[in-house]
Amino acid sequence: MKFSTSAILLAAMAGSVSAFAPMNAGRTAVSLAMSTEAAEEAGKTSKKNQRLDFMKSDQFYRNGFKEVRKDVEDVMNDQFKSSLVDDLKKNEFVMERDGVKVHLASDFGFCWGVERSIALAYEAVKHFPDRKVHITNELIHNPEVNDNLHEMNVNFIEKTEDGKDFSVVGDKDVVILPAFGASFEEMKLFNEKDVEVVDTTCPWVSKVWNTVDKHQKSGLTSVIHGKYAHEETVATTSFCEDYICVKDMKEAEMVADYILNGGDKEEFLAYFKNAVSEGFDPDTMLDNLGLANQTTMYKKETRAIGQMLQKTMMEKFGPVDANKHYMEFDTICDATQERQDAVHELVENADKLGLDFILVVGGWDSSNTAHLLEIPQNAGVRSFHINRAECISADNTITHRTMSGEIVTEPFILDMSKDVVMGVTSGASTPDAAVQDSLSSIFMLKKLSSE
């Protein structure tokens, strides 16, 4: 579990690919129609530039602490690695044990962004042993990892009806920013306080922030494919001026329909009331769009939304001028896409492999893990999303999260008299040890039934 922070950052922050380059937007305070001098002046005070200034502070850390790195690597190996999963990988991702045949997805589990985030947080705790350490949110959406941080006496900032309670953060304290990032307002607050900030934000998330900054400077409204209340999307929208969030193709189609046909503005704004920037006007702010996404969304859907928006602009403004009204950058997270592709492969071969079900292991609040469940569910393959091994009970029931978000308990293995054939995968924030524990519970359940 060794990694090079500098290599990770260089790879993740590589330039994004423009699919459409707008020639003119000319609507918001910062636009392509502005003079070079005016644009440069506006850039000096952009949220991105302010964020970069925050990061230059001597009290802001992004590269970890080398003197404790070896200790942290040992701790992470002990907590998260799995000999059983290692055996599966060595055996072409297949294993038979105690009447259970397991097919492991070819891509699964921890991505390097999550691994990096955990390492930085653990290093921070060890580097500042005499300081009070806070974190602004769950580090990642995985119960074991967050439980570990609680045991390390990291204080999770309380969320109240009025927002997060930062009054508990005192002078000289340490504040960890989670993998999802922190909002511009939070970063500004900590920059003004006498605290040490350890930023574990995934570089892929930072890449999205750079994309919406380009939107704003080009006079575009950011269309963000994401869940407006998700921590990552909250952080991303905080770096926007004008934006609208769409959670799926249905909501994107509502936006496209309004662009082409207009409609009841009040009804439109009422529907998207929590998902648009302050003062949003769909009659003027949907003529020039830039697409970005929450990195944990279903990636094929993001691409489909992008294609639909492109066609919408072509229909409204004509094929020649469409590129003046729409911009798209590649903000698809490779790790998320690879895990989704691997589950698609399991689903496509479900009949050939004789799969009884597919098990998806990961936090119930994890967006990327929830999307892994959608793939077999939508294909009609029996599947379950669990967050811990304890969800599998000795009475042959399983407690799992459905696509709708409901937590239910139902009978698990339907025929104990025959061998079980299963597929398994895990979200990008799920350690291999959680997969091992879950499989061990199934092995034990089947073994006991045989005896």
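This report walks through two sheets, some helix contacts and the empty spaces of a predicted model.

## The mixed sheet

Let's start with a sheet of five strands. It is open, its strands come in the order 3-4-19-15-16, and the pairing is mixed. At the edges stand strand 3 (94–97) and strand 16 (383–386); each has a single partner strand, so one side of each is left without a neighbour in the sheet. Going from one strand to the next, the twist averages 25°. As a bit of background, strands of a sheet pair through backbone hydrogen bonds, and they can do so either parallel or antiparallel.

Want a closer look at one pair? Strand 15 (residues 357–361) and strand 16 run parallel, with four bridges joining them. Which residue of strand 16 does Val 360 stand opposite? The partner is His 385.

## Helices on the mixed sheet

Two helices are worth finding here. Helix 15 (residues 334–348) lies across strand 4 (100–104), strand 15 and strand 19 (420–426), and its run makes about 165° with strand 19. Helix 18 (residues 432–450) packs on the sheet too, and it touches strand 3, strand 4, strand 15, strand 16 and strand 19. The direction of helix 18 also makes about 165° with that of strand 19.

Helix 18 has a helix for company as well. Its axis and that of helix 5 (residues 83–90) come within 8 Å and cross at roughly 90°. The two helices are therefore roughly perpendicular to each other. On the helix 5 side, the contact is made by Ser 83, Leu 84, Val 85, Leu 88 and Lys 89. Helix 18 brings Asp 432, Val 435, Gln 436, Leu 439, Ser 440 and Phe 443. Sort the residues of this contact by class and you get six nonpolar, three polar and two charged.

## The parallel sheet

Now for another open sheet, again built from five strands. Here the order is 2-10-9-5-6 and the pairing is parallel. Strand 2 (60–61) and strand 6 (155–156) are the edge strands, and each pairs on one side only.

At the strand 2 end, two bridges join strand 2 to strand 10 (residues 196–199), and the pair runs parallel. Tyr 61 stands opposite Val 198 in strand 10. Helix 6 (112–127) lies across strand 9 (174–177) and strand 10, running at about 155° to strand 10.

## An oblique helix pair

Next, take helix 3 (residues 47–55) and helix 9 (residues 203–217). Their axes come within 9 Å and cross at roughly 140°. That crossing makes helix 3 oblique to helix 9. Lys 48, Asn 49 and Arg 51 of helix 3 meet Ser 206, Trp 209, Asn 210, Asp 213 and Lys 217 of helix 9. What classes do the residues of this contact fall into? One is nonpolar, three are polar and four are charged.

## The largest pocket

Time to look at the gaps. Rolling a probe the size of a water molecule over the atoms shows where empty space is left. The largest pocket holds about 360 Å³ of space. Its lining is made of 16 residues, and Lys 227, Ala 370, His 371, Glu 374 and Arg 401 are the ones nearest its centre.

Which helix gives the most to the lining of the largest pocket? That is helix 17 (residues 367–378), with four residues. By class, the lining of this pocket divides into five nonpolar, four polar and seven charged residues.

## The cavity

The structure also holds one cavity of 30 Å³ or more. The largest cavity has a volume of about 280 Å³. It is lined by 23 residues; nearest its centre lie Cys 111, Val 114, Thr 295, Thr 296 and Asn 368.

Several helices already mentioned turn up again around this cavity. Helix 6, helix 9, helix 15 and helix 17 each supply at least two residues of its lining. Helix 6 gives the most, with three residues. As for class, the lining of the largest cavity has twelve nonpolar, ten polar and one charged residues.

Conventions: Residues are numbered from 1 along each chain as its sequence is written. This is a predicted model: local features need pLDDT of at least 70, side-chain atom pairs count only at pLDDT 80 or more; totals for chains, interfaces and linings use all residues. Side-chain values use heavy atoms; hydrogens and water are left out. Axes are lines fitted to C-alpha atoms, for helices over the stretch in contact, and angles run from 0 to 180 degrees between N-to-C directions. Angles under 35 degrees count as roughly parallel, over 145 as roughly antiparallel, 65 to 115 as roughly perpendicular and the rest as oblique. Contact means heavy atoms within 4.5 Å. Ala, Val, Leu, Ile, Met, Phe, Trp, Tyr, Cys and Pro count as nonpolar, Asp, Glu, Lys and Arg as charged, and the others, Gly among them, as polar. Two strands pair if DSSP finds at least two bridges between them. On a 1 Å grid over the protein atoms alone, a cavity is a set of points where a 1.4 Å probe fits but cannot get out, and a pocket is an open set with protein on both sides within 12 Å along at least five of seven lines; lining residues have an atom within 4 Å of a point. Grid points are joined across faces, edges and corners, and a volume is the space filled by probe spheres set on the points.
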